[in-house]
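Work through the exercises below with the model open. Each task is followed by its solution in steps.

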Amino acid sequence: MLQIVRFFVLVVGFAAFALSGPSFAQGAQGYVQEVSGNVTAQVGIGQPARVEKGQTLVNNATITTAPQSFAVLKFADGTAVVLKENTSFQIQNYAYNAKAPENANAIFSLLKGGLRMVTGLVTSRNRDALKIATPLATIGIRGTEFTAELVNPLWLGVQVGAITATNAGGTLVVSAGQFGSVVAAAQVGSIVGAGQVPAGVLQMPKVPLTPAPTTVPPGAPVGAGVAGGAVGPAVAIGAAAVAGVAAAGENNATVQH
């Protein structure tokens with residue numbers, strides 16, 4: 001009887017894990033440091049869920065900010081990102097181990113809107129370890145602080161260091177104090193003057209970014225659904241079911257002894 005109960009515990013536990021969605025299947029290496037307004041996250045093909053401060057970030061999560069909203073994301077290596085309003089930003093793959101920084105990898109996608117990024121240690125051993133894909137060009141990082149906004153064209157501005165924008169037409173290098181523009185995926189970008197950048201573009205929320213290694217605090221992953229600081233009902237119910245069955249198993253074991 002005890003073996004049957006234990007098997008049932010495993011089955012129910014797996015069901016609860018599945019209900020929680022893909023966000024729970026991956027280790028978190030980042031978190032939401034700040035959020036303002038209406039910000040949602042979708043993991044894979046899951047349903048969008050509201051994002052709260054303190055939630056953790058996982059691979060395959062897309063963070064979307066509504067009008068008059070923004071979010072600040074912080075990653076384990078210290079990389080910090082501000083997402084301005086009307087932005088969609090995807091964490092394709094992020095992996096960082098302080099004991100093996102040479103194996104670090106960070107691949108993001110800017111699907112629309114704008115961001116400001118200050119890089120941390122992810123590029124300390126390999127400057128090609130961090131990339132941001134966009135429909136018009138892939139942004140490469142050389143240890144820097146920069147802004148990017150995709151409003152067709154892709155606009156770039158660099159505050160510290162340098163970045164590259166590579167597509168089928170070639171590679172554009174944008175250095176500190178410069179602005180760049182990429183108008184087509186098959187055409188290399190160009191350096192532009194500050195006066196050519198449209199009003200409001202590359203203007204980001206004025207929030208502090210501290211590029212220092214961080215310990216990811218415990219929290220429900222984005223996309224899980226958070227209400228009052230608790231994990232969504234499907235996960236809570238599944239967890240309760242497992243706890244109840246586990247208790248029944250312990251009682252049966254006592255009876256058998």
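**Exercise 1: a hairpin and its neighbour**

Describe how S14 and S15 are connected and paired, and place S14 in its surroundings.

Solution. S14 and S15 make a hairpin, with 2 residues between them. Strands here are DSSP runs (E, at least two residues), numbered from the N terminus. The model is predicted: local features need pLDDT of at least 70, side-chain atom pairs count only at pLDDT 80 or more, and totals for chains, interfaces and linings use all residues. Residues are numbered from 1 along each chain as its sequence is written, and side-chain values use heavy atoms, with hydrogens and water left out.

Step 1. S14 pairs with strand S15 (residues 170-175) in the antiparallel sense over 6 bridges; pairing requires at least two DSSP bridges between the strands. Thr164 has Val173 in S15 as its bridge partner.

Step 2. Strand S11 (residues 138-141) also pairs with S14, in the antiparallel sense over 4 bridges. Here Ile139 is bridged to Ala165 of S14.

Step 3. Strand S14 (residues 162-167) is largely enclosed by the rest of the structure, because 5 of its 6 residues are buried (under 20% relative accessible area, 1.4 Å probe, protein chains only).

**Exercise 2: the nonpolar cores**

Which residues touch the most other members of the largest nonpolar core?

Solution. Step 1. A nonpolar core is a set of buried Ala, Val, Leu, Ile, Met, Phe, Trp, Tyr and Cys residues joined through side-chain atoms within 4.5 Å.

Step 2. Among the 46 residues of the largest one, they are Leu73, Phe108, Leu115 and Phe146. Strand S9 (residues 105-118) gives the most to this core, 5 residues.

Step 3. A second, separate core has 7 residues, including Phe70 and Val207.

Terms used:
Buried < 20%, exposed > 50% of the residue type's maximum accessible area, 1.4 Å probe, protein only.
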